[in-house]
Amino acid sequence: MDIHISPHDGVPIYLQIVTQVKYLVAAGRLVPGEELPAIRVLADQLTVNPNTVARAYRELEVAGVVEKRRTAGTYVSATGSPLARRERLKIVTERIDALLAEARQLGVRTDEVIELLRQRDEALNPEEV
């Protein structure tokens, strides 16, 4: 599981973990039934307190993204992921909001951002043009 945290971006670390796991599930990079790393293993990988990872896993469980199996670990929920289209759009919306905020700080107009987005889409998907 490829998670990267930034202790300096103002977002609590447990929320960064939650958001990234949701993204991985929505993107299909974590599939239903797949086991997440043990709390201590992920904490060691991220060099964070195990309680931080435990809190993230609890949040994910409450959201229905993962399920805990007694003494067997934490798994991506197999009972219909709640990360349907609505959740995927929410994730993309959050990233767009961050992009627009950064563009404003850099003095880049919204129409320029939209044109850059179109150009990048064409560059990444040339067969759809």
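**Entry 1. Burial and overall form**

I counted a residue as buried when its relative accessible area was under 20%. On that basis, 26% of the 129 residues of the protein chain are buried. I note at the outset that the model is a predicted one. I then looked up the extent of the chain: along the principal axes, its C-alpha atoms fill a box of roughly 50 × 35 × 20 Å.

**Entry 2. Confidence**

I checked the pLDDT before reading any detail. The mean for the protein chain is 89, and 93% of the residues reach 70 or more. By element, helix 2 has the highest confidence, with a mean of 96, whereas helix 4 has the lowest, with a mean of 86. I keep in mind that predicted coordinates should not be read in detail where pLDDT is low.

**Entry 3. Secondary structure**

I listed the elements of the protein chain and found 5 helices and 2 strands. Their order from the N terminus is α-α-α-β-β-α-α. I also looked up the contacts with a sequence separation of 6 or more: 50% of them join residues 24 or more positions apart.

**Entry 4. Helix 1 against helix 3**

I recorded two values for this pair, because packed helices are described by the angle between their axes and the distance between the axes. The axes of helix 1 (residues 13-26) and helix 3 cross at roughly 45° and come within 8 Å. Helix 1 is therefore oblique to helix 3. The crossing is right-handed. On the side of helix 1, I found Ile13, Tyr14, Ile17, Val18, Val21 and Lys22 in the contact. Helix 3 contributes Thr52, Val53, Arg55, Ala56, Glu59 and Leu60. Sorted by character, the residues of this contact are 8 nonpolar, 1 polar and 3 charged.

**Entry 5. Helix 2 against helix 3**

I looked up the pair formed by helix 2 (residues 39-46) and helix 3 (residues 50-62). Their axes lie 8 Å apart, and the packing angle is about 120°. The two helices are therefore oblique to each other. This crossing, too, I entered as right-handed. Helix 2 makes the contact through Ile39, Arg40, Leu42 and Ala43, and helix 3 through Pro50, Val53, Ala54 and Tyr57. I counted 7 nonpolar residues and 1 charged residue in this contact, with no polar ones. Val53 is listed in the contact with helix 2 and also in the contact with helix 1.

**Entry 6. Serine 77**

I next turned to serine 77, which lies in the loop between strand 2 (73-76) and helix 4 (85-105). Is serine 77 buried or exposed? Its relative accessible area is 3%, so I recorded serine 77 as buried. Setting aside neighbours within four places in sequence, I found serine 77 in contact with Pro32, Gly64, Val65, Val66 and Glu67.

**Entry 7. Valine 113**

My last residue was valine 113, which belongs to helix 5 (residues 110-124). With a relative accessible area of 10%, valine 113 is also buried. Which residues does valine 113 touch, not counting those up to four places away in sequence? I found Leu99, Leu100, Ala103 and Val108. For alanine 103, I also took the C-alpha to C-alpha distance to valine 113, which is 7.4 Å. The two residues are 10 residues apart in sequence.

Methods:
Residues numbered from 1 in each chain as written. Predicted model: local features only at pLDDT ≥ 70, side-chain atom pairs only at ≥ 80, totals over all residues. Heavy atoms only, no water. Helix = DSSP H or I, 4+ residues; strand = E, 2+ residues; numbered from the N terminus. Buried < 20%, exposed > 50% of the residue type's maximum accessible area, 1.4 Å probe, protein only. Contact = heavy atoms within 4.5 Å. Axes fitted to C-alpha atoms, helices over the stretch in contact; angles between N-to-C directions. Parallel < 35°, antiparallel > 145°, perpendicular 65-115°, else oblique. Left-handed = near helix turned anticlockwise from the far one by under 90°. Nonpolar A, V, L, I, M, F, W, Y, C, P; charged D, E, K, R; others polar. pLDDT = per-residue confidence, 0-100.
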